[in-house]
Structures are given as C-alpha cells and as structure tokens.
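Subject: Structure for you to look at, with notes

Dear colleague,

I am handing over the structure below, and I would be glad if you could look through it before reading my notes. The notes come after it and can be checked against the coordinates you have.

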Amino acid sequence: MSLSFDPDSLPLPIGHFIGGELIATTDGIAMHRPSDAKTYADCPVADADLVDRAVDNAKAALKASNWGGVRPRERTKALQAWADLIEREAEALAKIEALSSTRPVGQLVAGDIAVTAEQIRFFAEFADKEGSDLVPTDDQTLGMIVSEPYGVVGAITPWNFPISMAGWKLGPALAAGNAVVIKPSEMTPFSTVYMAQLAVKAGIPAGLINVVLGDGPVTGNALTGHADIAKVSFTGSTRAGSAIMENIARTGVKPMTLELGGKSPQIVFADADIDKAAAAIAGSVIFNAGQACVAGTRLIVEKSVADRLVAAIVAQMKTVRPGPTWDETTQYSPIISERQRARIASIVDAAKVAGGECLTGGGLMAGEGYFFEPTLIANVDQMNPAIVEEIFGPVLTVQTFESEEEALALSSHPIYGLASGLFTKDLSRTIRFARKLEAGTVWVNRYSRSRDHILPTGGYKRSGIGKDLGREAYHANRKTKSVLISL
C-alpha cells in the first residue's frame, strides 16, 4: 500500500460539523500548504451564533442520549468502536492531515493515528472503572463523594499534531460522560472534522462531538466565554492560554486545563551513553522540525564530553531529508507557515547578534514550501534570545557545565517548565535531579513519550495548569460533590 498521494485531488470535509451534519461554507481564512506554499482551501469561521448552535446541539444530544447517565460500559463500547474505525480509516485520515499540516503521511498511520486510537481505548476503559467513593464517617452517617460529568466541554487544539491533540481532548471528555464542542486550529482543521464524522459512524450519538472551525479572536473567544461551556481544555502557546484565562474571567468562572509552551532542557553528564544521547537529542529537535511544545531545545552538557556530543548531533542534523508531507518517504517536516518560519529566522539572527555561533544550519532551505535548516547554536548565555524564547522550530542551543549545581542552574527557565531530559548512568543522580528539575515531565536516558498513556503530561510555571493523559485527564473531566446521609 502506497500512502503517497496527489495533493491537488484529495477530497476534504470542508465545513463545521454540528449535530452530526457537515455545514458547508464558501469562504473563510485562506489556507496554504506548508510543503509547497500553495493556497488550497478556505477555513470557515464560526461566529458567536454558530458557536451557540453547536453548544445547543451538544446539550440536546446529552439529554436525548443520556450519555452521562447510561451504563458506563455502553460509553466504553462506543468509544472502542470509534477507535477501531479510526484505525480502519487510517489511510484516509492520514492523507487529510498530511495535506495541511507539518506531519509527513508516512509517519501518521503507524505513529499519530495508531497512538490516538490506543489513547481513546485507554480512556474508554475508565468509564466503568472510576467513579464515586464511600468515605469513612461515624456509624450514624454515610459519607459519599459523588463523581459526575461536567456537561459540555469546550476544547481548543493546536496545529502541530491535530489528530493526536483531538484524541487528547475528546477521549477523556467523552469517556467521562460529557459532550464536546471542539475548535481545531484554523491551519489544520479538516482531520478533526473527519474524526468527528467517524465517531457518528461508530455509534457515538450525533451532537456529542461538534466541531466549529475558525480563529481564536472570533470562534475561540465565543467558545471559551460561552455561558453553557462548563469546562475548557486548551493546548497551545502560553500567550494564547493567558488570553483564554482572561476571557473566561471576564465571562464567568469555570475550570480549565491548559497545556502551554515549553523551553525544555536536556542535561547530559559525562557518564552517559553519548551516542544514545545524541540520537535522542537530535531526534527531539528534528522531529516535526522542532514544532512540539515539549521539544528539548536547550542542550546542557558536561564540558568534558561536549565536543564529542555536539559533533554527533551536528552529523545527524545534516542527514535530514526534507520533502512534501504527501510523499511517504519524507522524513523532515516543513514549518507550518511563512510567518512562523520568519519568526524562527528572526530569533536565530538575534541570537547571533547577541554572540551566538551557528555550528550548523541557521537559515531557510531552498525550494518550495516553508522549510528551515536544523540549527545548533553555541556560545549562548542565559539572556540570549535563543535561550529565552520558545522558538517552535528546529533550533537547539548548547551550554556546558562542570558541576551538578551549575547544570541545575542552567536548566531552570524563568517562564517555562513543561519537560526535561536527563542522560546519566548514575541512579542517585537521577533521583536527585528528578526531584529538583522544575518540569512536569522528566525523561531519563530518552527524550520522547511512550505508549504508556497512564503517564500524565502537563507543565510547571507558565507551561500550564492541570494534566492531559493519565487518569488525571479523566478525573479532570468529572466534577465531585460531597453527600452526607444521617442513618
């Protein structure tokens, strides 16, 4: 089976998806393919009235289906059927996502889509295994903590991993008995629409997933500020997360989960497996061209092995094979837009003005599309723009240390604390650093998530509030009340 396809002949589900129906529109935000910069479609923009319609449909679907009140195993079976259909439709889903996003089609079927199906099954199993509790009281009373769904959850997902992020939001919210109104990024909206269509085909009641397309200022604000949205879940930039908090505060009070930006360190000690560390570090920056909130973009290495490690990373950076996302042999992604590529270039230039030295890369790649060279910058201090700013591109900085204290000091970022990497064979050091690193995730002798969906993800500092994945994500989609009964 070949996954490569003609980008000019791929049918797309262009429109909002409300109440189980695709609502087609004829205009919106012009969309450009990152791989060749060509305009190919318009993303519709849902105004406040259309968001109202989506929320009303979600409320009606919850009532008609009694989704939050049916036997929990019924939710489990429906979500499992959806996961099965996502896998069966993986080729079509991958092509829709690859066209508009930075994700090469060859990586999507076995990667993003397979993992998303697993995550949905993971959360489906919580439906009949996590619930209310009897709690200790005296023998004249009965105490209970009752767990209930919120109702309608508002979700907003980013452009860098559209299918994966939709799964992160939809899986736990639906398993917990909620309906969802979801807004994907206006740059990568159509794979989420297709996922919602598959959910209805799999037997999930129409209206429990409604997809409204549009931008943040119009559609996003209408969604997060809607009076009938009971809880908000957002993944994206720290700046956008702050704006969402402000909008919610202006329009009411509701719980929120925010998974935001990062500027994650990777600390390498001299006793580490240097070849293994080089592969993990280079891979974290090359993967999706560094367009991941957890990308490990700050290398902090013990001075005695710095030259060897840097040489190995540079060698791997020089082997990337860029290409269009619709070619299944492509290994290296484009940047999502010309605007984002220009931002990356401006930060790299500013880093060089501040004294940084590009050991490799540092510029635009020739040819069609928005490609940027894998870049490694040395001679940077803690105030260098490449250290301070979340670049969201294939740019790695390198700093050296001679003591554990110095390594910890360099690893700390004043704003971000999303993830971190540690490479060492010393178990005692591993435990010390795992406790002291200011990050919501610590990876040791690796730098990537696994398929262990039980491990939650979320940040410290301005990298977010709450957790995605893990049982924490399921419980974040349930509210609790205390009940005390006199006997």
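What follows covers one helix, the enclosed cavities and the cysteines.

Please keep in mind throughout that this is a predicted model.

I began with helix 3, which spans residues 90–100 and is mostly covered, since 9 of its 11 residues are buried. The buried residues are Ala90, Leu93, Ala94, Lys95, Ile96, Glu97, Ala98, Leu99 and Ser100, a list in which the charged side chains of Lys95 and Glu97 appear beside nonpolar ones such as Leu93 and Ile96. As for what surrounds this helix, its buried residues pack against two strands, strand 3 (29–32) and strand 4 (39–43), and against helix 2 (72–88), helix 4 (105–124), helix 5 (162–175) and helix 6 (190–201).

I then turned to enclosed space, where a search of the whole structure gives 3 cavities of 30 Å³ or more. The largest cavity holds about 90 Å³ of space. It is lined by 16 residues, of which Pro265, Arg298, Ser411, Tyr416 and Glu438 are the closest to its centre. Strand 17 (416–417) and strand 18 (419–423) each contribute at least two residues to this lining, and by class the lining of the largest cavity divides into 6 nonpolar, 6 polar and 4 charged residues.

The second largest cavity has a volume of about 60 Å³. Among the 13 residues that line this second cavity, those closest to its centre are Pro172, Lys231, Ser233, Asp468 and Asn477. Two elements, helix 5 and strand 10 (231–235), give two or more residues to the lining, with the largest share, 4 residues, coming from helix 5. Helix 5 is thus also one of the elements against which the buried residues of helix 3 pack. Sorted by class, the lining of the second largest cavity has 6 nonpolar, 3 polar and 4 charged residues.

Lastly, the cysteines: how many disulfides does a search of the whole structure find? The search finds 0 disulfides. Of the cysteines, I can report on the surroundings of two, and they fall into separate classes of accessibility: Cys43 has a relative accessible area of 0% and is therefore buried, whereas Cys358, at 24% relative accessibility, counts as partly exposed because buried would require a value under 20%.

With best wishes

Methods
Residues numbered from 1 in each chain as written. Predicted model: local features only at pLDDT ≥ 70, side-chain atom pairs only at ≥ 80, totals over all residues. Heavy atoms only, no water. Buried < 20%, exposed > 50% of the residue type's maximum accessible area, 1.4 Å probe, protein only. Contact = heavy atoms within 4.5 Å. 1 Å grid on protein atoms, 1.4 Å probe; cavity = no way out; pocket = protein on both sides within 12 Å on 5 of 7 lines; lining within 4 Å. Points joined across faces, edges and corners; volume = space filled by probe spheres on them. Disulfide = S-S within 2.5 Å.
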